[in-house]
Amino acid sequence: MSEADITFTGVSRFYGEVLGINKVTLSIPPGITSLVGPNGSGKTTLMNLMCGLIRPTQGEISVLGTPPDRPQELCRILGYCAQFDAFPPGITGYQFIHSFLRLHGMTDAECDRRTLAALELTGLSAAADRPVAAYSKGMRQRIKLAQAIAHEPRVVVLDEPLNGLDPLARAEAIALFRQWGVEGRHVIVSSHILHEVDKISDQVILLSHGYVVAEGQIQGVRSEVKEQPMQIQVRCDRPHLLAARLFQEDHVVEAKLAGNGLLLRTADADRFYLLLNRIILECGLDVESVAPADDDVNSVYQYLIGAEGGTA
Amino acid sequence: MNQLHVPGKPASGLVGRELLGVMRLELKRTFLSRRGWWIYCLAAAPVGLTLLHWLVESRRPAPNHSLGADSIAFAAMFLLYYLRAGIFFGCMGIFANLFRGEMLQKTLHYYFLTPIRREVLVAGKYLAGLAVALALWVPSVAAAFLLIGRHSAAAWSDYIWHGPGLSQLGSYMLVAALACIGYGAVFLMCGILFKNPMIAAAVVWVWEGINPFLPSVLKKISVLFYLKNLCPVEVPVPPPFNVMVTSTDPTPFWIAVPGLLALALVLLVYSAISARNAEISYGDS
């Protein structure tokens with residue numbers, strides 16, 4: 001069991017007869033990992049299991065070598081920003097963070113310092129003394145985030161953290177996640193907003209009906225989806241010529257002209273790249289760019305989970 | 001990172017700080033909260049009643065009942081109101097909500113995501129609830145006792161300072177405190193184990209209510225049985241109920257008090273074990 005990763009080994013969780021997740025075996029390295037899947041696919045179950053809020057029916061979980069059933073150790077290294085939009089009644093933003101930091105056994109001065117730092121980081125310093133009940137949805141989301149990170153955890157688990165945030169706050173939050181990822185923390189994010197997931201993730205875990213459909217770096221996951229021809233965008237000076245040559249190949253399924261570019265679908269990307277090199281040499285084609293057009297989360301999601309996703 | 005983390009071994013004084021942290025949070029949440037208004041009314045009601053009694057009786061030219069009658073009236077009020085209703089339901093309101101209330105408010109996960117053992121969490125919440133219950137009920141009992149015979153002025157002062165009054169007051173306060181300890185442990189456990197602790201509370205209430213009519217073996221499985229034995233004044237059972245009451249040897253003080261504390265401890269240990277295995281499932285609450 002790796003002490004540097006979060007590992008799931010044959011983990012299943014049932015709610016009575018309802019399946020939460022089934023036989024999940026995963027290893028989550030440092031960096032930003034996104035959990036992607038439709039509602040009910042098991043994202044929150046996976047997060048709750050990781051944080052010890054629920055227990056697996058079967059299997060073993062380790063968070064940097066610590067089992068989740070030992071909160072006294074786990075919660076020192078882990079912070080969880082849950083989806084629940086609920087707070088202790090009558091509490092201000094400052095009190096909310098400070099009073100739960102006290103349960104970490106820190107001194108008042110240390111709690112104060114960390115509370116102010118977390119409020120500053122999430123842009124809530126000015127609203128620190130206002131009751132959380134009077135906060136807007138975006139501010140409530142940010143105060144939850146501040147509370148989850150105030151003790152400076154090595155593992156940050158964020159369930160739909162971008163919900164309710166305005167574009168500016170969203171950009172700031174994403175920058176923060178990136179910074180944590182670069183610092184070598186484990187940042188696990190679930191989100192429905194696939195283009196944002198695409199921007200921030202080092203790796204993704206695609207879930208459907210409680211099963212892990214795919215995991216890893218998104219480009220790697222895309223190349224594993226053999227049954228879906230790969231889309232490639234080529235920008236060059238003579239796209240008509242390129243299209244004509246490509247149609248002679250049986251692995252090219254489709255080619256569409258678009259401005260000074262060509263969007264094609266091929267069942268064998270490696271053969272296409274070899275062919276493209278040959279055409280360039282033979283015809284003196286001036287190629288501006290060649291880039292995969294469907295190795296993003298959205299496309300992979302559509303290919304692997306497809307119409308059943310619905311919420312993407 | 002957190003400088004206090006020592007895997008496997010809690011730092012010295014850490015458990016105490018955690019316990020105080022939980023108590024502080026809980027006291028802020030529960031003490032004098034608007035949601036608990038009915039509990040404060042339950043505690044204030046007998047004080048108001050005895051105050052009214054004093055005001056009415058002190059206007060009479062001559063008392064129409066003796067101090068002994070006041071003493072028995074207080075004993076009846078203590079048994080029938082304080083123990084069977086006020087403290088019982090008050091503790092239900094305070095302790096059953098310590099966990100169940102947080103499940104309903106969807107805030108329990110904040111506690112479960114702190115690095116404290118669930119056992120410490122249970123202990124901290126229980127002690128905070130107990131502090132609130134004691135702060136409400138012990139002064140209420142004392143105030144009602146001191147007011148009930150106040151109209152007799154000098155005779156009452158004599159009864160308190162030179163007669164058995166002070167020791168009776170001490171006994172009633174002790175029994176009220178023990179009731180908070182015992183019922184507190186019962187309802188804390190109900191709040192952890194049951195989605196609807198009211199049903200469990202109703203069962204306990206009926207059980208405690210029929211206690212006088214139960215065979216002596218079953219009688220002893222009750223908080224009220226031990227508390228009743230510690231009360232300084234016995235309340236006569238009126239006919240026709242007196243023929244149905246089964247008599248049991250009273251439990252001596254040195255067994256009743258440690259017995260009740262031991263019962264509370266067992267319930268708390270069971271609650272701690274249950275909390276350790278508890279999961280967050282707000283959707284099912």
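A residue counts as buried here if 20 or more other C-beta atoms lie within 10 Å of its own, and as exposed if 12 or fewer do. Keep that in mind as we walk through this predicted model. We'll look at helix 4 of chain A, then a six-stranded sheet in chain A, and finally the place where chain B is in contact with chain A.

**Helix 4 of chain A**

- Let's start with its length: helix 4 covers residues 108-121, and at 1.5 Å a residue those 14 residues should span 20 Å. The C-alpha atoms at its ends are 20 Å apart, so the model agrees with that expectation.
- Which residues of this helix are buried? They are Cys111(A), Arg114(A), Thr115(A), Ala118(A) and Leu119(A).
- Looking down the helix axis, you'd find these buried residues within an arc of 135 degrees, so they line one face of the helix.
- That buried set packs against two neighbours in chain A, helix 3 (93-102) and helix 5 (137-149).
- Flip to the other side of helix 4 and you meet Ala109(A) and Glu120(A), which are exposed.
- Just past the end of helix 4 sits Gly123(A), with a positive phi of about 70 degrees.

**The sheet in chain A**

- Six strands of chain A make an open sheet with mixed pairing, and their order is 5-6-7-3-8-9.
- The edges belong to strand 5 (78-81) and strand 9 (211-216), each of which pairs on one side only.
- Going from one strand to the next, the twist averages 15 degrees.
- Strand 5 and strand 6 (residues 155-159) of chain A run parallel and are joined by four bridges. In this part of the sheet, Cys81(A) stands opposite Leu158(A) of strand 6.
- Helix 5 of chain A turns up again here: this helix packs on the sheet and touches strand 5 and strand 6, and its direction makes about 170 degrees with that of strand 5.
- Another helix of chain A, helix 11 (residues 297-304), lies across strand 3 (31-36), strand 8 (203-208) and strand 9, running at about 25 degrees to strand 8.

**Where chain B touches chain A**

- How many residues of each chain are in contact? Chain B brings 28 residues and chain A brings 26.
- On the chain B side, the elements giving two or more residues are helix 1 (14-30) and helix 4 (108-112) of chain B.
- Helix 1 of chain B supplies the largest share of that side, with eight residues.
- Sorted by type, the chain B side has 14 nonpolar, seven polar and seven charged residues.

Definitions and conventions: Residues numbered from 1 in each chain as written. Chains lettered and ligands numbered in written order. Predicted model: local features only at pLDDT ≥ 70, side-chain atom pairs only at ≥ 80, totals over all residues. Expected span 1.5 Å × (residues − 1). Arc of directions from axis to C-beta. Contact = placed C-beta atoms within 7 Å. Nonpolar A, V, L, I, M, F, W, Y, C, P; charged D, E, K, R; others polar. Pairing = 2+ DSSP bridges. Axes fitted to C-alpha atoms, helices over the stretch in contact; angles between N-to-C directions.
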